[in-house]
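Reader: I'd like to learn how to read salt bridges and surface charge in a protein model. Can you walk me through it?

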Amino acid sequence: MADDIFVTRPYLPPLDEFRELLGEIWDSGTLTNCGPFHQKLEAALCEYLCVPHISLFNNATIALVVALRALGIKGEVITTPYSFVATSHAILWSECTPVFVDVEAQSLNLAPAQIAAAITPKTAAILPVHCYGHPADVDAIDAIGGRHGIPVIYDAAHAFGVDCHCGSVLTHGDLSVLSFHATKVFNTFEGGAIVSKTPEMKHYIDQLKNFGHDGEVSVIETGINGKMSEINAAFGLLQLCHVDDAISKRAAIDARYRRELADIRGLQCLGDTGQMRQNHAYFPIRVKATFPLSRDALYNFMKERGVHPRRYFYPLISDFPMYRHFPSADPTRFPNAVSGAAEILCLPIYPDLDDASLTRIIGLLRDAAATGA
Ligand SMILES: *Cc1c(COP(=O)(O)O)cnc(C)c1O
C-alpha cells in the first residue's frame, strides 16, 4: 500500500543551510527582541512583497489582534463566516462583535454589496479574507471603507506574494495580516506579519507587539508579546531564497490538476489561470450536484484510499458555539457561504508532491466519477 498523501506538507530548505545560520545566532547570543535576522527579514520581505512597511509577529492570530488594537477598533466588525476560525477569534479577543455577511458565489470572498448592506453606525471595521490566496474585490471593499470612514483590515494569511490588478494585494486596506505558519506557502515554523502604510503606524505596531515599551523605562500601551524570535527570522530568510522555486512547483501542480480534471463532469476548479502573480496556496474544487458522489462521500472515498483532502471551510465559523448566538450567524443570511462549506474540497498541493502521487490523486477522482456512470 502506498503512503498516505495529505493536503499539505511544510516546505523545508536544506538543513545544512539552516545550520550555518544557527551558528551565527549561537555566536551573537542574540535570540530575540528584533535582532539582526529580524531586521534583515523585515527588509527582505518589504522588497520581495513590494510593500512599504512590515512588522514581524510570532503568529498571524496575535497579529490580527494587534491590528485591531492599533486602529482602536471597538464595536461591530464585518467579516466572513467562510474562513479559518482565527479570523473571527481575533474579533472576539478584541471584545468586538463579529457581523457575518455572505461571500460571492464564485470566489467565496466577501461580497461588497453584502458588506455595504450590513453597515450600521456601530460598524468599526471590515475584516475580509483573501480566501485561498484569491484576491478579494479590493477596489470595491476599499471604496466602501473610504466612503464610510471605516478601516479595512485584510486577513491575508493565504495571500503571500499574491498580486491583484495593481500590484501586491497586500497594499490594499489600512493593514494586511500575513501568516507564516508551517502549513502556509511561506513558513517560519510559526510566524506572521502586519503590512502597514506609514512609518508611524509601523512604529506603533512594533510597540504594541513589544509590551507597549517606548524605550527603556517607559510603557505607553497595554501591549502584548507578539515578537518573532531570531531562529524563526533566520529560517524565514532562508525560506525566502527558495520561495520562488516552491511557488513554481505549486504552479505546475495547479496546472496539471486543471488540465486533467477539466473533463470530469461535476467537478469545478476554483480560481483562474490569469496572468497575475498567484501563490497556489490551495487547490479548491467544487463538487457539484452533477457529480455522482456528494462532497462528503468523495472526501471519505479518497480518505479510505489513503488520500486526505480537506474540507476548508467546513464547518463555517458561524456554526461554532461561541458564534452561533450572534444574530448575523443565522445561515439563511449567507447561502453562498453555506454552499461553499458543503461543496468545496481542497486537494493536496505542496512543492514536493510528486508526479506519481498526483497521478494517484487524479486517478481516484476519475474512479469516483465513474462510480455513478
Ligand atoms: C492560518 C490562518 C490564520 C492564523 O494564522 P496563524 O499564523 O496560525 O496564527 C488566520 N487566518 C486565516 C485565514 C488562516 O488561514
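Author: Let's go through the charged side chains, then finish with a polar contact. Keep in mind that this is a predicted model.

Reader: How many salt bridges are there?

Author: A salt bridge needs a side-chain nitrogen of Lys or Arg within 4 Å of a carboxyl oxygen of Asp or Glu. By that rule the count here is 14. Take glutamate 42 and lysine 209, whose side chains meet at 3.8 Å, N to O. Glutamate 42 sits in helix H2 and lysine 209 in the loop between helix H7 and helix H8, so the pair ties together parts 167 residues apart in sequence.

Reader: Are glutamate 42 and lysine 209 buried or exposed?

Author: Buried means under 20% relative accessible area. Glutamate 42 has 11%, so it is buried, and lysine 209, at 1%, is buried too. Both belong to a salt-bridge network with Lys202 and Asp206.

Reader: What about aspartate 355: which residue forms a salt bridge with it?

Author: That's arginine 256, with the closest N and O atoms 3.8 Å apart. Aspartate 355 is in helix H11 and arginine 256 in helix H8, 99 residues apart. Exposed means over 50%, so aspartate 355 counts as exposed at 57%, while arginine 256 is buried at 14%.

Reader: Which residues form the negative surface patch?

Author: Patch residues have no salt bridge. Here they are Glu17, Glu20, Glu24 and Asp27. Glutamate 24 lies in helix H1 and is partly exposed, at 40%.

Reader: And where is threonine 80 found?

Author: In the loop between strand E3 and helix H4. Threonine 80 is buried at 2%, and its side chain reaches the backbone nitrogen of tyrosine 82 at 2.8 Å.

Technical notes. Residues numbered from 1 in each chain as written. Predicted model: local features only at pLDDT ≥ 70, side-chain atom pairs only at ≥ 80, totals over all residues. Heavy atoms only, no water. Patch = residues over 30% accessible without salt bridge, like charges linked within 9 Å, V, L, I, M, F, W, Y side chains within 5 Å. Areas by Shrake-Rupley, 256 points an atom, 1.4 Å probe, with all protein chains shown as cover. Lys, Arg positive; Asp, Glu negative; His and termini not counted. Charge placed at Lys NZ, Arg CZ, Asp CG, Glu CD. Helix = DSSP H or I, 4+ residues; strand = E, 2+ residues; numbered from the N terminus. Buried < 20%, exposed > 50% of the residue type's maximum accessible area, 1.4 Å probe, protein only. Polar contact = N/O pair within 3.5 Å; in protein donor to acceptor, adjacent residues only side chain to side chain.
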